[in-house]
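This briefing sets out the fold, the packing and the confidence of one protein model. Please examine the sequence and the structure shown here before reading the points that follow.

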Amino acid sequence: MWRAASRLGAAVGPGRQPTRALAMSPWPFSATPRDYSVPNESWSREMRRLFDHYSCLCDTEEQQQSAGWCKFPSYNRSLKHAAGGKYLSKMVQAKARLFTRNIEEPGAGFEYAVFLNKQEKTSVTIFQPGHLLEGPPGHLHGGAIATIIDSSTGTLAGALLGPSMTANLNINYRSPIPLGNVVLIHCKVDQTEGRKTFMSCQITSSDGDKLHTEATGLFLSINLGRLFGA
Ligand SMILES: CCCCCCCC/C=C\CCCCCCCC(=O)SCCNC(=O)CCNC(=O)[C@H](O)C(C)(C)COP(=O)(O)OP(=O)(O)OC[C@H]1O[C@@H](n2cnc3c(N)ncnc32)[C@H](O)[C@@H]1OP(=O)(O)O
């Protein structure tokens with residue numbers, strides 16, 4: 001999917017032999033990545049309704065072309081998002097797991113799905129926060145809010161620009177988010193200047209009536225190889 005990642009993938013791809021130690025160690029995860037951003041038994045009716053609503057927008061090829069919506073899959077390792085990730089996953093930090101996807105119990109942590117509109121450079125994340133994300137009693141932790149904002153804006157930045165990292169995130173917490181309440185995270189690109197992409201985002205109640213959080217962020221596109229010391 002991402003060019004830089006493809007290059008890395010090629011360096012350790014099927015033409016090369018894995019190291020002896022890796023070849024002998026038990027393989028800890030499935031060869032077929034699982035998309036976690038699909039309905040499970042913990043999803044509320046509202047979460048399911050919103051998922052169906054946005055899924056319908058990207059249901060058919062004609063609709064995708066006219067509306068430009070698509071669902072971005074969500075795996076439990078960031079490397080699985082990138083072409084070549086299957087091979088890189090074997091080489092780098094075998095136990096590493098994406099922060100938002102490392103709670104096994106359905107509904108206990110971050111239940112979310114990201115829908116992108118590449119034409120409009122926007123995205124919507126539907127998010128149902130679970131009981132393990134508590135901050136103030138019965139409400140979502142500010143760090144968890146920052147995490148879902150970073151993940152949502154980061155996904156949009158990544159889909160539009162390729163590998164990129166958060167350089168800056170500013171968050172205004174306007175009203176607390178009750179655990180279990182489904183919220184929408186609307187993200188958009190405000191401006192692009194060379195490697196810099198300025199994004200903004202709002203978290204609202206699922207009916208859009210209540211503003212919970214506002215944020216702006218700066219993402220910088222990077223050469224993925226740099227993360228691995230290239
Ligand atoms: C990348 C991996 C992708 C893998 C595949 C993933 C697939 C999708 C998977 C799953 C979906 C979920 C998605 C999750 C997303 C999560 C994202 C994160 O949380 S990232 C972790 C937190 N961020 C850091 O740890 C950054 C640490 N900082 C750095 O590494 C560097 O500072 C970096 C890369 C941000 C910039 O370093 P420089 O060396 O490349 O660039 P310089 O030269 O410093 O800056 C370039 C320009 O940007 C400005 N700049 C840099 N930092 C700035 C800042 N904080 N504020 C304002 N301007 C800044 C500078 O002033 C400069 O501007 P002038 O060109 O002079 O105009």
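**Sheet architecture**

Seven strands make up an open sheet in the order E1-E2-E3-E5-E6-E7-E4, with antiparallel pairing. Strand E1 (69–72) and strand E4 (164–173) occupy the edges with a single partner strand each, so one side of each is left without a neighbour in the sheet. Direction ignored, neighbouring strands of this sheet are turned by 25 degrees against each other on average. Strands (E, at least two residues) and helices (H or I, at least four) are DSSP runs numbered from the N terminus, and two strands count as paired if DSSP finds at least two bridges between them.

**Basis of the model**

- This is a predicted model, in which local features need pLDDT of at least 70 and side-chain atom pairs count only at pLDDT 80 or more, while totals for chains, interfaces and linings use all residues.
- Residues are numbered from 1 along each chain as its sequence is written.
- The mean pLDDT (the predictor's confidence in each residue, from 0 to 100) of the protein chain is 83, and 75% of its residues reach 70 or more.
- Over residues 1–30 pLDDT stays under 50, and the model has 40 contacts beyond four places in sequence for them; two residues are in contact if their C-beta atoms, placed from the backbone, lie within 7 Å.
- Where pLDDT is low, the predicted coordinates should not be read in detail.
- For the complex, the predictor gives an ipTM of 0.95 and a pTM of 0.85.

**Overall composition**

- The secondary structure of the protein chain comprises seven helices and seven strands, and along the sequence it follows the pattern α-α-α-α-β-α-β-β-α-β-β-β-β-α.
- Of the 230 residues in the protein chain, 29% are buried; a residue is buried if 20 or more other C-beta atoms, placed from the backbone, lie within 10 Å of its own, exposed if 12 or fewer, and partly exposed in between.
- Among the contacts in the protein chain with a separation of 6 or more, 68% involve residues 24 or more positions apart.

**Strand pairing**

- E1 and E2 run antiparallel and are joined by four bridges; the bridge partner of Lys-71 in E2 is Phe-115.
- E2 and E3 are antiparallel and share eight bridges, with Phe-110 partnered by Pro-129 in E3 and Glu-111 by Gln-128 in E3.
- A hairpin is formed by E2 and E3 with four residues between them, and Lys-121 in the turn has a positive phi of about 55 degrees.
- Six bridges connect strand E3 (residues 122–129) with strand E5 (residues 183–193) in antiparallel fashion, and Ile-126 stands opposite Leu-184 in E5.
- Seven of the eight residues of E3 are buried, so E3 is largely enclosed by the rest of the structure; E2 is mostly covered, with seven of its eight residues buried.

**Helix packing and nonpolar core**

- Helix H3 (residues 45–57) lies across E1, strand E2 (110–117) and E3, and runs at about 160 degrees to E3.
- Helix H6 (residues 142–161) lies across E1, E2, E3, E4, E5, strand E6 (196–205) and strand E7 (211–221), running at about 140 degrees to E4.
- These angles run from 0 to 180 degrees between N-to-C directions, with axes fitted to C-alpha atoms, for helices over the stretch in contact.
- The largest nonpolar core (buried Ala, Val, Leu, Ile, Met, Phe, Trp, Tyr and Cys residues joined through C-beta atoms within 7 Å) has 34 residues, and those with the most contacts inside it are Tyr-54, Tyr-112, Phe-115, Ile-126, Phe-127, Ile-148 and Ile-185.
- H3, E2, E3, H6, E5, E6 and E7 each contribute at least two residues to this core.
- Beyond its neighbours within four places in sequence, Phe-115 contacts Tyr-54, Cys-58, Trp-69, Lys-71, Ser-123 and Val-124.

**Ser-206 and the annotated span**

- Ser-206 is located in the loop between E6 and E7, and counts as partly exposed because it has 18 C-beta neighbours inside 10 Å.
- Not counting residues up to four places away in sequence, Ser-206 touches Glu-46, Leu-50, Val-182, Val-183 and Leu-184.
- Ser-206 and Phe-127 are 79 residues apart in sequence, and 9.2 Å apart in space from C-alpha to C-alpha.
- The UniProt annotation "domain: Thioesterase", from an unreviewed entry, covers residues 138–210; UniProt positions follow the numbering used here, feature names are shortened, and annotations may be inferred rather than shown by experiment.
- Residues 138–210 are 27% helix and 42% strand, and their end C-alpha atoms lie 18 Å apart.
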